[in-house]
Amino acid sequence: MSLPKTRTGPDAVSTGPILRLDAVGRTFRMGEVEVEVLRDVNLEIDPGELVVIVGPSGSGKTTLLNLIGGLDQPTVGRVWFRDRELSRCSSRELGAFRRDEVGFVFQFFNLVPTLTARENVQVAAELVDDPIDVDECLRMVELAPRADHFPSQLSGGEQQRVAIARALAKNPELLLCDEPTGALDYETGKAVLSMLWDVNRRLGKTVLIITHNQAIARMADRLIRIRSGRIVEDVPQGHPARPEEVTW
Ligand SMILES: Nc1ncnc2c1ncn2[C@@H]1O[C@H](COP(=O)(O)OP(=O)(O)OP(=O)(O)O)[C@@H](O)[C@H]1O
């Protein structure tokens, strides 16, 4: 993987956590019923960390990621991205935050089917002032030879690699990944993990992965375990495994 210039990484000017959640809760109202999905979540994530959040289905992982990514607002508590309080942002400000600071990688890729791989990445690059070169991004995920293919002409793993390239093209500080290997077979899933690892270790991006696959947590700098909407474990891992050592 060749290295484009990046505004994050060891040389980045940054102090303190990139993300902070203080006593965050999220409740959904469904008719007369209130469902408390997240409760008293306290969390700090440092720049350049690779964090894996694991928890069973329905434990609140996606809800948490949505709060961190500015897709949703907490019912109580405060969410900070550096010195910006997301929980006080207007929807317009949240939109700008998502556009400029966050790259999203979803389980089912979410590519535009009528655009080629390169065009899917280009659309994201055009959103920001200082994108990473589109072809550079496709080279990073080893898809340059398939740049002119449409999503339907690519395998699931290749589509996910386009999605990673698309997330990277905006040169975001933060990459949020929701079950990035969930729709992939074992070997393809491992290749995608390896790319996320590279994005973190070589480009210095902060990477947050949510998954129900406990094995993926072995490659994390920090493992956070969530159960029934609460963080029940938050432990640094001294010697994270390399993605090729992760098996499940
Ligand atoms: N908009 C909503 N309205 C009502 N309930 C919701 C809403 N969003 C999520 N929930 C509920 O919150 C709980 C947690 O959902 P969430 O998607 O965060 O869990 P998850 O850990 O990501 O699960 P999975 O691994 O299955 O994706 C679930 O019971 C879900 O039904």
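Which are the buried residues of helix 3 (residues 117-125)? The first of the legends below takes up this point, and the others move outward through the chain of this predicted model.

**View 1. The buried residues of helix 3 and what covers them.** In helix 3, which runs over residues 117-125, the buried residues are A117, R118, N120, V121, A124 and A125. These residues lie on the same side of helix 3, because the arc that they cover around the axis is only 165 degrees. Helix 4 (134-140) and helix 5 (156-169) are included in what covers the buried residues of helix 3.

**View 2. The largest nonpolar core, with V121, C137 and A165.** This core holds 66 residues, and among them V121, C137 and A165 are the ones that touch the most other members. The element that gives the most to this core is helix 5, which contributes seven residues. If the neighbours within four places in sequence are left aside, C137 is in contact with V121, I132, A165, L168 and A169. As a general background to such a view, nonpolar side chains in soluble globular proteins tend to be buried together.

**View 3. Strand 7, covered on both faces.** Strand 7 spans residues 174-178, and five of its five residues are buried, so that the strand counts as mostly covered by the rule that a buried residue has 20 or more other C-beta atoms within 10 Å of its own. In a regular strand the side chains alternate between the two faces of the sheet. Here L174, L176 and D178 are buried on one side, while L175 and C177 are buried on the other.

**View 4. The parallel partners of strand 7 and the unit around helix 6.** Strand 6 (residues 102-105) pairs with strand 7 in the parallel sense over four bridges, and within this pairing V105 has C177 of strand 7 as its bridge partner. Strand 8 (residues 206-211) also pairs with strand 7 in the parallel sense, here over five bridges, and D178 stands opposite I210 of strand 8. Together with helix 6 (residues 186-201), strand 7 and strand 8 make a right-handed β-α-β unit.

**View 5. The loop between strand 6 and helix 3, with F109 and N110.** Most residues other than glycine have a negative phi. F109, found in the loop between strand 6 and helix 3, nevertheless has a positive phi near 70 degrees. N110, which has its place in the loop between strand 6 and helix 3, likewise has a positive phi, of about 55 degrees, although it is not a glycine. The surroundings of each residue can be given as a count: F109 is buried, because 22 other C-beta atoms lie within 10 Å. N110, by its count of 13 other C-beta atoms within 10 Å, is partly exposed.

**View 6. An open antiparallel sheet of four strands.** The order of the strands in this sheet is 2-1-4-5, and the pairing is antiparallel. Strand 2 (33-45) and strand 5 (84-85) are the edge strands, each of which pairs on one side only. Strand 1 (residues 19-30) pairs with strand 4 in the antiparallel sense over five bridges, and L19 stands opposite F81 of strand 4. Strand 4 (residues 76-81) is in turn joined to strand 5 by two bridges, and these two strands run antiparallel; F81 stands opposite R84 in strand 5. The hairpin of strand 4 and strand 5 has two residues between the strands, and in this hairpin R82 takes a positive phi near 50 degrees.

**View 7. E34 in edge strand 2.** E34 is found in strand 2, and this residue is exposed, because 11 other C-beta atoms lie within 10 Å. Leaving aside its neighbours within four places in sequence, E34 is in contact with T27 and R29.

**View 8. The chain as the setting for the close-ups.** The secondary structure of the chain comes to six helices and 10 strands, and along its principal axes the C-alpha trace spans about 50 × 40 × 40 Å. The radius of gyration is 17 Å, which agrees with the value near 18 Å that a compact globule would have with 248 residues. Of the 248 residues of the chain, 41% count as buried. Among contacts between residues at least 6 apart in sequence, 71% join residues at least 24 apart.

Technical notes: Residues numbered from 1 in each chain as written. Predicted model: local features only at pLDDT ≥ 70, side-chain atom pairs only at ≥ 80, totals over all residues. Pairing = 2+ DSSP bridges. Buried ≥ 20, exposed ≤ 12 C-beta atoms within 10 Å, placed from the backbone. Arc of directions from axis to C-beta. Contact = placed C-beta atoms within 7 Å. Rg over C-alpha atoms; globule rule 2.2 N^0.38 Å. Core = buried A, V, L, I, M, F, W, Y, C linked by C-beta atoms within 7 Å. Right-handed = clockwise from strand over helix to strand, strands pointing away.
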